Structure formats: structure tokens, C-alpha cells
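Q: Please take a close look at one part of the following model, and then relate that part to its surroundings.

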There are 2 protein chains.
Amino acid sequence: MEQKESSRAGKAAGRGTYAVGDERRLRILDAAVEHFAQWGFHASSLARIAKDVGITQGGLLHHFRSKEDLLVQVLERTEQHDKEKFFDEDFSTAAECYANLVRLTEYNAARLGRTRMFNVLAAEAGDPGHPAHPYFVRRYAELVAVMSASLQRAVDSGELKEGTDVIEVAEETAAVMDGLQLQWVLDPRRFDMVSRFRAYADRLLRSITAEATGLP
Amino acid sequence: MEQKESSRAGKAAGRGTYAVGDERRLRILDAAVEHFAQWGFHASSLARIAKDVGITQGGLLHHFRSKEDLLVQVLERTEQHDKEKFFDEDFSTAAECYANLVRLTEYNAARLGRTRMFNVLAAEAGDPGHPAHPYFVRRYAELVAVMSASLQRAVDSGELKEGTDVIEVAEETAAVMDGLQLQWVLDPRRFDMVSRFRAYADRLLRSITAEATGLP
DNA sequence: GTCTATAACCGGATAGAC
DNA sequence: GTCTATCCGGTTATAGAC
């Protein structure tokens, strides 16, 4: 799965280090994000995406075998980007882990189209026949694995209460993030997603942090 | 908008008390739920829905002016049903309110297609031009209003901590329910949505309940 | 009420010219 | 690499027969 990309991905791991011929490809991917965001997968059209890039539908299909192929590569691209930005380091405390998730929420709150795309695709992918179904199943599994591992270290270190169900907490946290995004996209100006997530994280951590002081 | 329906709605408010000619209408609505669930709005087709009912696309459009009309009436129907079932009474304690939401989660967990439909439509409706956009904006507002009113009564009665931000808690709870539904639909057999929501409700209530005992 | 027929379009994918 | 042309099928909505 990864070898396919290794030949064209940036060699020096620097930003923007791509083969020259891939510039058009990247512009297509960016345009596709916007369209999948607004229309979902089924209702997006290659012709309209191509038009945004300034080429025709036929031209677009020179870079991507099919519409499905385009979707999968869009997801792979954004995922790779997110992982580098937010899941590179292993957090040693739960507080750090949630501070990082607040950062992720801020990042999403600055990208309406991208966030709406994930909302729509995650929901559409509930259909087992949807091309993004395997992606989202794997995505949640990985997210929960990374988060629960962080939380488990926090339990072991004594930061969190003994007996905390770290899987449960990780899945709940993922749910809160997704649910807040749903409400935020419906009314981005009114709904303060970042504050809401921060409030959730604070209350959650307070309720699962091992109490060290205060009691006799 | 409501007069249109008043002539054909059940007169005695009893279950199933509909005009005879509306049987076909109801079967169309039920079939539409399944299709909107699997395909969302844009990618669903009137012809396929009609086929499931056993009529043609032309025949279907005798009962519903347009595809948009069908969607709106599907949403109105399910909403009316839900309100009667889960939001009829005003709850005097927060514990009762959340017990009722657990019941709602159980109800949803027994209806995969319907729940998937709401996931997809709620996400699609993030686009302001989507026919269901106004519906979902109003839906969240009403849900938060009802829940936060319940919670406020619980604060006033001393069940919950003084100074609890009831709007914040209500919006967070809605987010958890939606987020859990998203994960559940992706893998209904593995993911236990009801347990997860119960765990969330328990932890939330513990952290916002006014402590009455235990401290000197 | 339901059908068939049709209008007027849009969808993805392929083939081949340049 | 991008275009045009084309295939073949799907879409909603309307019109009119029965």
C-alpha cells in the first residue's frame, strides 16, 4: 500500500518536494476535496472538478484511473498530512494528548470545506459498499489505538485513575469530536467547536484524573 | 405549510388512523428512508425508490411533487414520530432525562437504516443549499432547547452543581450521540453504541451532580 | 392512481487525434 | 498531457392515455 507512493513522494521529507509533473495532480486533489466536501462522493462530478482545475473531464482521467481512485487518493493525502502534523509524537501525559486534540480541533475549525468533506464521507461510508468504507473503519481503529495507548501510559504513570477503560474513553472522545464537527458545519459562525471541545476535555480529565490532593 | 397536511392526517390521533388512499404514500415514505439511508439525498433515485414500492417513477410523483418534497416529508414524518416517543414529557431530574436518552439510543440501535440516513443527511445538510439544511438547524436548536431546559430545572432543584453551563452540556451530549452513531454504523456488530452512551451519561452526571455527601 | 412516453439533461469511462 | 468525440446509461420532471 505504501510502496506505490514511495516513488513519487517527497524524497527529502521537505514540504513541496514533489516531482514536477505532479503539480497538476495536486491541484486536482485540492479541488476534489472541495467538491467531495460539498456534494459527498456520489453526487460529485469529475467534469465539475476538472472545470475548477481548468481542464476537461477527459484530461482529469489521465491522472486518476477512475472517480473511486480519485477519492481514495484524496483520503490518503489528507491522512498522511494529518498524521505528520498531529500524531507524530507519543504523548506521555493525558493532558498533553488532549492539548494536542484541541490543536487538531483548531486546525479543523479553520478548514470548513475539508471538515464538511469528512463529515459527509464518514457518514456515507457507513454503507459497506462505499469506496471509503475500509478507509474509515481503519481510520477509527488507528485513532482509537493511538489515543488509548497514550491514555494507558497515563494510567500506568499514575496520572489517571486505576481501572480507567481507556478504549471506552478514546472512542467517546472520537465521538465528541465528530459530533461537534457536525454541529459546527451546520452553523460555523454561531457554534464554537473549539471551546466546546476544550470544555469536554477539561471535564473528562477532571473526572478520570487520579486525585492526588484535597482529601485527608 | 401545515394546512396542506391537515386534511389527510389521522383524525382521531390514533395509530394508523389514516385516509385509505394514504397507504401507498406511507409505503413510499418507508422505502425512501431506506434509500436516503444508503445513498443520501443527491444519489438516491426516484425510480429505484418507486421500484421498491412496486410502482413506476411517474406513479411516485403523483404522491410527491418532487424529490425534495419527498425528502422533507420523510424528515417530518420521522421527527413527529420521535417527538411523540421521546420528548413528550418534561423531565424533572437530569437522571431521568439521560435515562430517556439511553432509551432513544437503544431505539436507534435497533434501526440501522434509519440511523444511517440521519448520519448522511445531517452531514450533507452542512451545505447551506441542501434541502434538509433548515430542518437540521432547527432540529439541533430544538433538541438543545429541550435538554438544556431539563438540565436547568435540575440545577434549580439542587440536583446539579450551581453554575453548570446547561447549553454547553446539552450540545456536548448531542455531539456524543451523533458521534457514537457514526462509529456504530461503520461497524454495528462490534461497536456497542448503547453501552458507550450509558458510560458517557454516567460519567457526565457524576461530574456535574452537586455533591451532597462524603465531605466533612 | 398508475401507466407509458418523452423531454432535456448529466454521469463516468473509453478511444483516438494532436 | 490534454483535447474532442462518443458510448451508454442514468437523472428529474412533465404530458397525456387509460
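At roughly what angle do the axes of helix α7 (residues 112-124) of chain B and helix α8 (residues 133-156) of chain B cross, and within what distance do they come?

A: The model is predicted: local features need pLDDT of at least 70, side-chain atom pairs count only at pLDDT 80 or more, and totals for chains, interfaces and linings use all residues. Residues are numbered from 1 along each chain, chains are lettered from A and ligands numbered from 1 as written, and side-chain values use heavy atoms, without hydrogens or water.

The axes of α7(B) and α8(B) cross at roughly 105 degrees and come within 9 Å (helices are DSSP runs of H or I, at least four residues; axes are fitted to C-alpha atoms, with angles from 0 to 180 degrees between N-to-C directions). This angle makes α7(B) roughly perpendicular to α8(B), a term for 65 to 115 degrees. On the side of α7(B), Phe118(B), Leu121(B) and Ala122(B) make the contact, and α8(B) supplies Tyr135(B), Phe136(B) and Arg139(B) (contact means heavy atoms within 4.5 Å). Five of these residues are nonpolar, none is polar and one is charged (Asp, Glu, Lys and Arg count as charged; Ala, Val, Leu, Ile, Met, Phe, Trp, Tyr, Cys and Pro as nonpolar; the others as polar).

Helix α8 of chain A, residues 133-156, packs against helix α9 of chain B, residues 166-186, with axes 10 Å apart and an angle of about 120 degrees. The pair is therefore oblique, being neither under 35, over 145 nor within 65 to 115 degrees. Leu182(B), Gln183(B) and Leu186(B) of α9(B) are met by His133(A), Phe136(A), Val137(A) and Tyr140(A) of α8(A). This contact comprises five nonpolar residues, two polar ones and no charged ones.

A further pairing between the chains joins α9(A), residues 166-186, to α10(B), residues 193-208, whose axes come within 10 Å and cross at roughly 90 degrees. These two helices are therefore roughly perpendicular. From α9(A), Ile167(A), Glu168(A), Val169(A), Glu171(A) and Glu172(A) meet Arg196(B), Ala199(B), Tyr200(B) and Arg203(B) of α10(B). Here four residues are nonpolar, none is polar and five are charged.

As for the chains themselves, chain B is superposed on chain A by a rotation of 180 degrees with 0.0 Å of shift along its axis, at an RMSD of 0.0 Å (a least-squares fit on C-alpha atoms of residues with pLDDT of at least 70 in both). The two copies are thus related as by a two-fold rotation axis. They meet through the same surface, because 100% of the interface residues of chain B are also interface residues in chain A.
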